[in-house]
Amino acid sequence: MEKLTESQRLAVEAKGSRILVSAGAGAGKTRVLTARVQHLIDHIGIAPERILALTFSDQAANEMKERIDRKLGKTDVTVLTFHRFCGRIVRDNPLLADVDPAFAMLDESTSHSFLRETIERELYSGNSDELIHWVEQCGPKTALDLFLAFYEHWRETSYSLDALQAKTEARLADEVRKCQEEIQTIMRQLHTISEGSAVKASGTLARMEKILAAWQVYTRLGWQRPHSRASKEETVCLQAEKCLHSLFGEVTRNVSKEVKDCFGKLSVWKKDQLWRELLTDQTARFRESLFAWMERTDQAYRMLKEIYGWCDFADLQRKAYMLLHDHKELREKYGMMYTHVLVDEYQDTSPIQQQILEQLEAGSDSTASLFMVGDARQSIYRFRGADVSGFEQMRKQLGDSDAYISMRENFRSAPSLVAFFAEMTRQLFGDGEIVSGLSESRSSNQPVVEVLIPALEEDCDPREAEARLVAQRINELGPALWGDVAILLQTRTHLAKYQQALEELEIPYVVHAGNGYWKRQAVHDLYHLVRLVENVEDDIALLGFLRGPLVGLSEHGLWRVAEQAGLRQGFLNFMENEDISCSAEDRKCLREAKRILLRARSLHKVAGLADWLHMLLYEEGLAEQLGFPDFAPVITLADELEKRGEFHLSDLLLWWQRLREGDDKEDTQQKENAHGKVKIMTIHAAKGLEFPIVFVPDLSHRYTKGIGRLHFSRDWGLANQHYHQDVKEWLPTLGYIRACEDERKAVIDEQKRLLYVAMTRAQEQLIFSGAAASFTDKPSIEECSNWFDWLPFLVPELRKGASDQVIRRPDWSLQVRVGMSHEPFLRATQKVTAMEKLDSPTSEKHVTARKNRFSQRIWSVSEWVELLADEQKKQKRNESVSYWRHESNRLQAYEWGHVLHRILEHLQGDHDLDYACEHLLKMALASIGLTSREAHETAWEHVKNDVATYMKSELHKECRRAKTLHSEMPFAIRLFGDDQDKGSLLLNGVMDKVWVRPDGKATIVDFKTHKYKNAAQAKRIVETYTPQLQLYAHAVEQLLGWRVDRAGLYMTATGSYMEVPCDLRARGVLFEKMHEIWTKAAIVPESEKRLFSL
């Protein structure tokens, strides 16, 4: 046996019926699994055919099988995925499993499509008013998505529908009882406080008396919450409702400190009117209707699969579990067949998979063993049904026994990185038991961890600025290291921005499409067509093709095709003679199917794979029909196969299927294509991989901690909101509130694990980046909503704020770099250079100097506005000024202000109100991620009056007469010195609007969306932003040579233009003050002074 570390050896040789190995990132878990198999065969004498190894992907199974065979030669050890193992059990026992012995597997996309249709059909066939009303209030599409998710989550468990319904009802009844007791306890506390005369405030005393009196009346009524309100109880229920309404109407947080805690607890019940749950079950009929609908849906879906002889992946696990659970002889058969079971990535098992393992254990003898390897910190597949609690419960059961082994040596990353990981895990998980398995020779004196933060200007796209900063940092590494770099994204939402930033600097890259791309519906629809061209007798492909968007055959039409001789033969008969009895619309669809299939076959005879796909998709128009433009990865795959000499459709389909199953991480083709290029992929796709240099960008990406209006909870069963007719709002139920709390904690925990997985992919260097103006003031990580705000908790030195600095620890160091990437600033400068009237000799000097002095610190105008404002004035301004907001929208205040701001600054003289609505508003909303028509209509209702007011103003009339106009004009100037002055200040910014009037003089406008109540507040706003406009005026005169005699703020709240002094004298006073601050080094730390001298 190969040489193992002490912890690896303990794991391999461990004894017991259950053995759990906690293997951290880079600890060598695959090595331990294969060594364990060798140990069982060579030292324990276990027959290879009695050993079963279970994994989560075909790639992992093939890799483990190859390693075992290299060590032991060809053996009979069984290595399978969970689904393939379950499929084997079901196929071995088709009668007991109630399936066709030759059943075909429905792929995920096809089963999803059929299930959705079944759900919609059964939803409207049950005559349930409660359910239909819920759907109408929620919206049909949203409701169907929620129902589908709920149904699929249920099928990932071993519960029957009756058991799930019973669990839901029991938990709700228990929660109502607990809450009733909780309120009773609060009332006793209030009664005790009132008798003790601790409260002196008359208002609080009065509220307490009314609350206690109402509760006393409610208690005397003896009201017991029924399942639903019966007519004979109506009078008592109304009296109870009146008591509780009066009680909670007195609840407020503005009370004496002695009772704040009691009133705070009661306010939780007042919020969302949860107290109504004490009166009657608000959603009893809805739950009954929902479970009845689920029963109908399940029966219809099962019948459909039985008719065609299909099974889906959920069927395999549920049926395998039921076979083992219900049939003792099968449990013992498979338990004795595989006495030694090894499980890879145990942290990613689902509850039903854990139950299948328990059934195998129950059927085996005392010599059997279950060997589980995983890492709770790397459980990131909760969205696929993984439940890390199974791993944690197993760890608790084994305790400190020899059957629990912890492997924390990291053989992947440099020692200094491992030390950083240890510190981060202590902050994230409360422990940091990670040690390096590598020698110190790989460590470096340079910081191995960096945090890049772009300097953000007003109205710039923060994601674009961050992407360019990342690209610039990669460019600094040099072409020799580009192939070592991986950019790991949380989601693909902003992928295009990173692609564009890399392309601008001509850095080659490859995007790891991941199985998420290959499982997209449009890509899957094309896959069905290709399969059908290769084999017209492929039933699953034919079904997907006919029901997909290329054909769109109705369900009735499908039945008409299949009713005589089955779907395949029925379609072949139609291909020959078109003899079928169906509707005109279905006949039209079938003829289209025939045309597409014949055309695809004829083109395939005369073109190679890549050309054939391109002609089908873009010349024949199938890409447009599929509604998806990005089929480049599919065509690239075909092109790469042709270069390797693989020209057949079967070759293409083989690779396509591997990519769909996630087997594309290690294939030779992708390695060759990625050589020397930056790799871009999601963190989930990077699981199990490693890279010398890892970038983890987009730290400011917000993760969602909420749940939908209908939610499946393993603890609560059904959790839902209900639409209350009286208040016209969606209100939560008790179960929903508790499920939200559980979900919020689960999301935070998985986000911690996701960050851990991203970090630990790095071998030599780890670089974070995030675009945000400042860190949060939240009290804990649990209160935050993005990773960027986690940084001060992980690295306490950052609590003082983000600035250029190096943070050192004994074993690792971290460098923070704040600033705009060079390339976008260079482009902005070149844009200014190209502007007309740039004939001032000094202006070219300033622009050229900025191009060549990137090492100097860049300051924005906005930063100087804050520095120049007196702290007391800033405090008053923050207390008195608010941004425009409408209470019904869901955006932050600054985002709504941003929308109005963008419209006004881009409004040109020849634009009318319709143009502002159709074009400018659309652009402004898109900049904050809103593209729906509903959002557009809602936003226009809120901003159109402000836009119309501006268009009628004298200021806009002057703008329409302007000779030259610039909007969002970037600039860069130097103050306090020339090109060689090491102490000069470099200043940049973006002006909202500047134009030249017919008299040759210039006007500058800066739009402000602040609200103010009186003239004093307006004056403070003008005083705050006067330096900004004076600096703008200086920049325009220096760079463009225009004389500025008007500069001011356009206040959208009042539609008024407030001018500020911008003459040379006023600017001179400003520059003296700025120079005094600058020369006193109040801003420039010693580290930056040394930087200037480089």
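Colleague: Which strands make up the open sheet with mixed pairing, and in what order?
Modeller: That open sheet has 8 strands, ordered β13-β14-β12-β15-β19-β11-β21-β20, and the pairing is mixed. Please keep in mind that this is a predicted model.

Colleague: What makes a strand an edge strand here, and which strands are they?
Modeller: An edge strand pairs on one side only, and that holds for β13 (509-511) and β20 (805-808). From one strand to the next, the sheet twists by 20° on average.

Colleague: How do you know that β13 and β14 pair?
Modeller: Two strands pair if there are at least two bridges between them. β13 and β14 (residues 678-682) share 3 bridges, in the parallel sense, so they count as a pair. Within this pair, Val510 faces Lys679 of β14.

Colleague: Which helices pack on this sheet?
Modeller: One of them is α21, which touches β12, β13 and β14, and its direction makes about 165° with that of β13. An angle over 145 degrees counts as roughly antiparallel, so α21 and β13 fit that word. Another is helix α18 (residues 415-429), which lies across β11 (449-453), β19 (762-769) and β21 (813-818) at about 50° to β19.

Colleague: Why are α19 and α21 called oblique to each other?
Modeller: Helix α19 (residues 462-477) and helix α21 (residues 495-504) pack at about 45°, with axes 8 Å apart. Roughly parallel needs an angle under 35 degrees and roughly perpendicular needs 65 to 115. The angle of about 45° fits neither, and the two helices are therefore oblique. The crossing of α19 past α21 is right-handed.

Colleague: Which residues of α19 meet α21?
Modeller: From α19 they include Arg463, Glu464, Val470 and Ile474, and on the α21 side the partners include Lys497, Tyr498 and Leu502. Sorted by class, this contact holds 7 nonpolar, 1 polar and 6 charged residues.

Colleague: Where is Gly483, and how far is it from His675 in space?
Modeller: Gly483 sits in the loop between α20 (479-482) and β12 (485-489). Gly483 and His675 are 192 residues apart in sequence, yet their C-alpha atoms are 6.0 Å apart. Beyond four places in sequence, Gly483 is in contact with Gly676, Lys677 and Lys679.

Colleague: What is the pairing in the open sheet of 6 strands?
Modeller: The order in that sheet is β3-β2-β6-β7-β1-β8, with parallel pairing. Its edge strands are β3 (78-81) and β8 (404-407), each pairing on one side only. The average twist between successive strands is 15°.

Colleague: How do you know that β6 and β7 are joined?
Modeller: The cut-off is at least two bridges, and 4 bridges join β6 (residues 340-343) to β7 (residues 369-374), so these strands pair. Val343 is opposite Met372 of β7.

Colleague: What does helix α3 lie across?
Modeller: Helix α3 (residues 58-72) lies across β2 (51-55) and β3, running at about 165° to β3. That angle is over 145 degrees, so α3 and β3 are roughly antiparallel.

Colleague: Where is the pLDDT below 50?
Modeller: Residues 663-669 are one such stretch, with 22 contacts beyond near neighbours in sequence. Another is residues 1081-1094, with 17 contacts beyond four places in sequence. The chain as a whole has a mean pLDDT of 81, and 86% of its residues reach 70 or more.

Methods: Residues numbered from 1 in each chain as written. Predicted model: local features only at pLDDT ≥ 70, side-chain atom pairs only at ≥ 80, totals over all residues. Heavy atoms only, no water. Axes fitted to C-alpha atoms, helices over the stretch in contact; angles between N-to-C directions. Contact = heavy atoms within 4.5 Å. Left-handed = near helix turned anticlockwise from the far one by under 90°. Nonpolar A, V, L, I, M, F, W, Y, C, P; charged D, E, K, R; others polar. pLDDT = per-residue confidence, 0-100.
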